[in-house]
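User: Hey, I've got a structure open and I'm new to this. Can you walk me through it?

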Amino acid sequence: MQLHDFGLILAFFVLVLAPAPWLGRYLYRAMEGQRTLLTPLLQPLERLCYRVAGVDPGAGQDWKRYTGALLAFNAVGLVLLFLILVGQGALPLNPQHLPGMEWSLAFNTAVSFVTNTNWQAYSGEASLSYFSQMLGLAVQNFVSPAVGLAVLVVFCRGIARRSTADLGNFWVDLTRATLYGLLPFCLVLALLLVWQGVPQSLHAYVQAHTLAGGEQSIPLGPAASQIAIKQLGTNGGGFFGVNSAHPFENPTAWSNLLEVAAIILIPVALLFTFGHYVGDRRQSRALLASMLILFVLGLGATLWAELRPNPALAALPVEQIGSLEGKESRFGSVASALWAVTTTAASNGSVNAMHDSFSALGGLVPLFNMMLGEVIFGGVGAGLYGMLLFVLITVFLAGLMIGRTPEYLGKKLEAREVRLLVATLLVMPLGVLVPAALAACLPGAAAAVSNPGAHGFSQILYAYTSGTANNGSAFAGFGANTPYHNLMIALAMLLGRFGYILPVLAIAGSLAAKTRAPQGSGSFPTHGPLFVVLLTLTLLLVGGLTFLPSLALGPLAEHFAAVGGA
Amino acid sequence: MNAQNPLHGAQAPLAGTSFAALCAPALRQAFVKLDPRRLWRAPVMAVVALTATLTSLLCAVPDSGVSTGLALQIALWLWFTVLFANFAEALAEGRGRARADSLRAGGRGLMARRRAGDGYETVAAAALRRGDVVRVQAGESIPGDGEVIDGVAAVNEAAITGESAPVIRAAGGDRSAVTGNTQVVSDWLLVRITANPGESTLDRMIALVEGAKRQKTPNEVALDILLIGLTLIFLVVVATLQPFARFAGGDLPLVYLAALLVTLIPTTIGGLLSAIGIAGMDRLVRLNVIAKSGRAVEAAGDVHVLMLDKTGTITFGNRRCSAMVKAPGVTTPALAEAALIASLADETPEGTSIVDYLKGLHTLQAPPREDLDVVPFSAETRLSGADWRGARYRKGAVDAVLAYLHLGRDELPAPLAREVEKIAQSGGTPLLVAADGQLLGAIHLKDVVKPGIRERFGELRRMGIRTVMVTGDNPLTAAAIAAEAGVDDVIAEATPEKKLARIRQEQAEGKLVAMCGDGANDAPALAQADVGLAMNDGTQAAREAANLVDLDSDPTKLLDVVRVGKELLVTRGALTTFSVANDVAKYFAILPALFAGLYPQLGALDLMRLHSPQSAILSAIVFNALIIVVLIPLALRGVRVQALDAARLLRRNLLIYGVGGLVAPFLGIKLIDLLLTAVGLV
């Protein structure tokens, strides 16, 4: 690694961590309707939204009504997006006259954007009109992280409130999350990206004649605004097919830094929001510490793997500076590794390199990050509520060892909560292993894999892990655009999204109804180094025990074959 | 051995019985418990039994990858796993069952004289229903739990409490409850039966220690759900391995997959869970405490606040002499002699404590009792004492003695008045002593705090439990005793309403409250408290309102109940952590062996360098079965709970059971592998 590599990593951490306490407090105040810096500007707009929609912002909902509203909103969004994609040929803003999408691909894409996955079995510039991009995908790019944020806020209220059924109002949370939580950040990032040279245009693609005499079509579009929300909203669906490896999506070293930091800017800030909700900043710091440990371990392993010379080329008379296959040469190993770890730690899924071409272990880390359920910072809202589920599991596993009924921040974990927790634990194995097993043994499904053996298996595993974890990044080489995989991955994405959201809302409802026992020397300590280590180990243990056999058959077999020369 | 005392009759041989004698019936029970209906109560073990059945069937199908001998061995060890778990449960039950059996024997064939119209009819005790009225005479056993509605009698309750001194039971008042199977030794009682067959104290005791009838406690239910969840996850993990292997162009032997499944699912805790619960209840029964449900015992582990009656729990209950103060110009021997003579004939605890105190300090020649002309305490004078050799010795409350001496309050000599004031302020009671019309000095009577109680409260505080002393004393006295005993808070001048209000207030703050009581007026508070411990010699109302009954009527038992509750939870948590941590080593043993045919390079994961794939899989499954047996003593005894704060307790238990759970199987599996290879089984 060279000096500028260290500089990139340092700048990344500073950009992400330094503003987090302040942003976290801002998000807390905004979500609870307290006065913030932007209130004078945004409140009239917020009130207008309520008046137009006929929402009474003061009316609280219990968890069932909240869930009903959330599901209805997502169902309508899903149908609308599907119709736009299928019918884009007949809709305006389509200068390239692109036809409507094939139905299974449209369904897959609609599910993908509604669930904040942004798995793309298509290539943006070749398949989507500007209308689809702006009024279809971009809308979901905003509201899907807003929904995640709303669910997190409900979880926080469930822990913080006592003896109540009132968890807030979904429509209010959704509006505030979008208006205060996402829009201002996106506006700033989009302008910065335009400054760095990302296009923001509604013109038709430019036809260029190359020096060699060939014809080239240069795609344009309202890219900067899309990219801003794609990064900040942990969406990840690129405007262009190759995502942030494309020179228009990610033109410079500065844009690369901004974009990679934007992935986890809000998720890190939300840790502090949580601290404000439960009135205990130490809890934020403990969770942050655990996430940072896992993040740094993953980054270290990936850097180590990607900076090593490719063992397959070791015998050849070439000098290798790391393994560069599949990487954008403008960014190199370090920036690619940092992006790969960040995008899979969070549920972003945008890429600036091809994960498929990473070394076996370099590919294992992003895969494992997703297998943990993307709780290392994770998606907007989704990452932290996923992590909190793990906290509850940790507390339940180890909590009995202090001789009390396990409780988190004074809320007892009883049979009902444990049943819901177990349901969320089953999401990853059911969403990843079962469809992957089907894909591996059905002859038609397995044909999508470009490599045989261990690497081919990694491709299948990666696709379904990415879907269930709502990540959206892909191991290229996996031909996902078949009706079978479109539908199966769509199912995995739905399971991965609502398999968490529904139990989380139910747990929030159940916790809010309980009283909160006072914290004392007899309570289970959920701050401090002991808990950080315990939580981190529990995460690794649960993830590892579930996925070690499949990882052994994929990346690990590949790795040991490579180092063993087999 | 006392035939009237089945409880303690059973305990005596039990203590003497060797472990081996309990093992034989438990071994037999282990096979009886293979009944699928019983297995279903422990879902994890049901999965193991199912897998074992499947594996046994697979032994008949030749598989090129696995020799029949190895398959048979794996099937055998899978069955052992189930049997070991059954054995653990049977062993836990066995200890309680021996006691239950002898209790039952005591109640068998008991007859009752039931009131019918104007007369009585003789019926079997088992036929009595709630509301029936029976008459019991001297020499007969009381046929069931009930309340005395008429008569006074001495009752020998040794069968239940082990205490052989008879106690008085009478209608009305706080001593009206009687327990079935205890014996009336004098007079007669008319008893209204308050429990239907199957609901009596005896029945509850029996139900608590028998696994099949035991209700799972809330934490046990929650833990069960988690264990089922883990089992489901591992089912998915193992079931999907075969298609994955096919994709890689190979085939995994089903017997190996069965072995992998059983080693991964939490069999250690799954197999011992019920034994832990039964043994916990058994420990409670040994303390002579009856729980109406396991829920109360668990709740005891959770309590934040203990409300304890001062009298009998924190203090001895009687005021004792602790010092004497001379009036000006009086010699110490003169005061001591006067106090002694005034108290010699006084048989109240206060009087004897004065005599004890003086005899400990001075070598006084006490006059013989018969020479004294005793003046007993009278309500009119509020004095007591004796006349001896013409001199009149008196002691009594300050005002009473002053009135006797015809002195005004302000005529009390100043130094003595100061001392008297001090005694009152410190929560004590001052008595004055006079002889022949002359004021000699004062006696300091005080409530004596039981030795060691302060330390126990300190331990509780470290565990995050606050103690609240409940007393009828005035706030001044209460505060003084509270300071001496080291309780955290005090309710002075307590009334039943005050107690109830305090419990509600604590509960509103999210705290769990435990209290003990005996009187009928304690019943609402006992019912409101999360853990209510009633004294067996109290009223039926209190016994019904409480969820725990102490047969020895010792209020300090509450502290022991808290410990048992905590031990129960800690033992489950420790073994769960151990069980899950074990899986890491098992993966490293089995995965390389399992995939040896597909990807030989995965041998790099074989950290233990096991002999062969066959021995690796067999070693893992043998370890998995044996660890249940190894941990049976821990499950039955329970993990001891130190009086530490939660953070330290957690660190300690994590180091032992978490880190231990990670490391132990690496060593164990390697050792078994060496043994199996040496014996030539693989």
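**The annotated binding site**

Analyst: Sure, let's start with the record: an unreviewed UniProt entry marks B:D518 and B:D522 as "binding site". UniProt positions are given in the numbering used here, feature names are shortened, and annotations may be inferred rather than shown by experiment. One caution about what you're looking at: this is a predicted model, where local features need pLDDT of at least 70, side-chain atom pairs count only at pLDDT 80 or more, and totals for chains, interfaces and linings use all residues. Residues are numbered from 1 along each chain as its sequence is written, chains are lettered from A and ligands numbered from 1 in the order in which they are written, and side-chain values use heavy atoms, with hydrogens and water left out.

User: OK. Where is B:D518 in the chain?

Analyst: B:D518 is in the loop between strand 20 (513-517) and helix 20 (523-528) of chain B. Helices (H or I, at least four residues) and strands (E, at least two) are DSSP runs, numbered from the N terminus. B:D522 is found in the loop between strand 20 and helix 20 too.

User: Is B:D522 buried or exposed?

Analyst: B:D522 counts as buried, because its relative accessibility is 4%. B:D518 is partly exposed, at 24%. The cut-offs: buried means under 20% relative accessible area, exposed over 50%, and partly exposed in between (1.4 Å probe, protein chains only).

User: And which residues does B:D518 touch?

Analyst: Skipping residues up to four places away in sequence, B:D518 touches B:R175, B:M535, B:G538, B:T539 and B:A542. For B:D522, leaving aside neighbours within four places in sequence, the contacts are B:K499 and B:G517. Contact here means heavy atoms within 4.5 Å.

User: Switching topic. How many salt bridges are there over all chains?

Analyst: The count comes to 43 over all chains. A salt bridge is a side-chain nitrogen of Lys or Arg within 4 Å of a carboxyl oxygen of Asp or Glu. One of them joins A:E414 and A:K514, with the closest N and O atoms 2.6 Å apart. That pair links distant parts of the chain, 100 residues apart: A:E414 is in the loop between strand 4 (411-412) and helix 15 (415-441) of chain A, and A:K514 is in the loop between helix 18 (483-512) and helix 19 (528-564) of chain A. A:E414 is partly exposed, at 35%, while A:K514 is buried, at 14%.

User: Got another one?

Analyst: Yep, A:R176 and A:E46 meet through their side chains at 3.0 Å, N to O. This pair also links distant parts of the chain, 130 residues apart, with A:R176 in helix 8 (residues 170-196) and A:E46 in helix 3 (residues 39-53) of chain A. Both A:R176 and A:E46 are buried.

User: What about chain B, which residues are linked in a network of salt bridges?

Analyst: B:R466, B:D489, B:R502, B:E506, B:E509 and B:K511 are. Within that group, B:E506 and B:K511 have their closest N and O atoms 3.1 Å apart, and both B:E506 and B:K511 are buried.

User: How many disulfides does the structure hold?

Analyst: Zero, over all chains. A disulfide is a pair of cysteine sulfur atoms within 2.5 Å. As for cysteines, B:C59 is buried at 11%, and B:C321 is buried at 9%.

User: What is B:C321 in contact with?

Analyst: B:H444, for one: leaving aside neighbours within four places in sequence, B:H444 has contacts including B:C321, B:S322, B:I423 and B:T429. B:H444 is found in strand 17 (residues 438-449) of chain B and counts as buried, at 14%.

User: Last one: which residues does the record call "transmembrane region"?

Analyst: The unreviewed UniProt entry lists several spans in chain B, among them 70-92, 584-602 and 654-681. Residues 70-92 are 100% helix and 0% strand, with end C-alpha atoms 33 Å apart. Residues 584-602 are 58% helix and 0% strand, with end C-alpha atoms 16 Å apart.

User: Where is B:V659?

Analyst: B:V659 is in helix 24 (residues 646-679) of chain B, and is partly exposed, at 41%.
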